[in-house]
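Open the model in your viewer and keep the sequence panel beside it. The stops below run from the whole chain to one helix, then to the cysteines.

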Amino acid sequence: MLPLRELALDSHAYRQQPSMPRPQFSHLDNEGVKGLVDSICSRMRSDMMPLKLSLCGGTALKQEAVSALLRLPMLTAIETGGCIKLTPMDRMRLVAKVKAGQGMLDNRAGGGINALASLRVPHGHAL
């Protein structure tokens with residue numbers, strides 16, 4: 001099985017019109033994210049691979065989904081545009097997780113700079 005490095009579970013409706021939040025059309029829920037994380041964690045080998053994850057348009061995602069995402073062994077980038085129910089604290093927890101994942105990559109490569117790999121917050125959303 002090939003290693004999972006990048007996963008985009010973006011809402012098609014969000015990608016078409018990102019400025020129009022559509023809570024009734026959420027394609028992801030908290031239980032779905034928990035199941036995804038459980039599956040990723042159970043399939044990971046001992047060597048942790050960097051993971052880039054995109055959940056744009058997941059309007060039903062809340063703190064429970066963030067708590068599940070924090071269990072991922074190594075998260076190096078995440079997009080949460082359109083996840084309107086995530087609080088600023090939820091987003092800060094994800095920033096810390098991504099920064100830690102990037103730091104692990106830097107340590108593997110022998111680099112000393114711990115830079116944030118990627119976090120996209122849509123204009124008008126608080127971080």
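A contact means heavy atoms within 4.5 Å. Among contacts in the protein between residues at least 6 apart in sequence, 76% join residues at least 24 apart.

This is a predicted model: local features need pLDDT of at least 70, side-chain atom pairs count only at pLDDT 80 or more, and totals for chains, interfaces and linings use all residues. Residues are numbered from 1 along each chain as its sequence is written, and side-chain values use heavy atoms, with hydrogens and water left out.

**Whole chain.** Colour by secondary structure. You should find four helices and four strands, taken as DSSP runs numbered from the N terminus (helices H or I, at least four residues; strands E, at least two). Their order along the sequence is β-α-α-β-α-β-α-β. Of the 127 residues, 35% count as buried. Buried means under 20% relative accessible area, exposed over 50%, partly exposed in between (1.4 Å probe, protein chains only).

**Helix H2.** Select residues 30–43. Which residues of H2 are buried? They are Asn30, Val33, Val37 and Ile40. Look down the axis: these buried residues fall within an arc of 90° (directions from the helix axis to the C-beta atoms), so they line one face of H2. Their cover includes strand E2 (51–54) and helix H3 (63–69). On the other side, Glu31, Ser42 and Arg43 are exposed.

**Cysteines.** Select Cys41: partly exposed, at 29% relative accessibility. Next, Cys56 is buried, at 2%. Its closest cysteine sulfur, in Cys83, is 6.6 Å away, too far for a bond. The structure holds zero disulfides (pairs of cysteine sulfur atoms within 2.5 Å).

Definitions and conventions
The expected span of a helix is 1.5 Å times one less than its number of residues.
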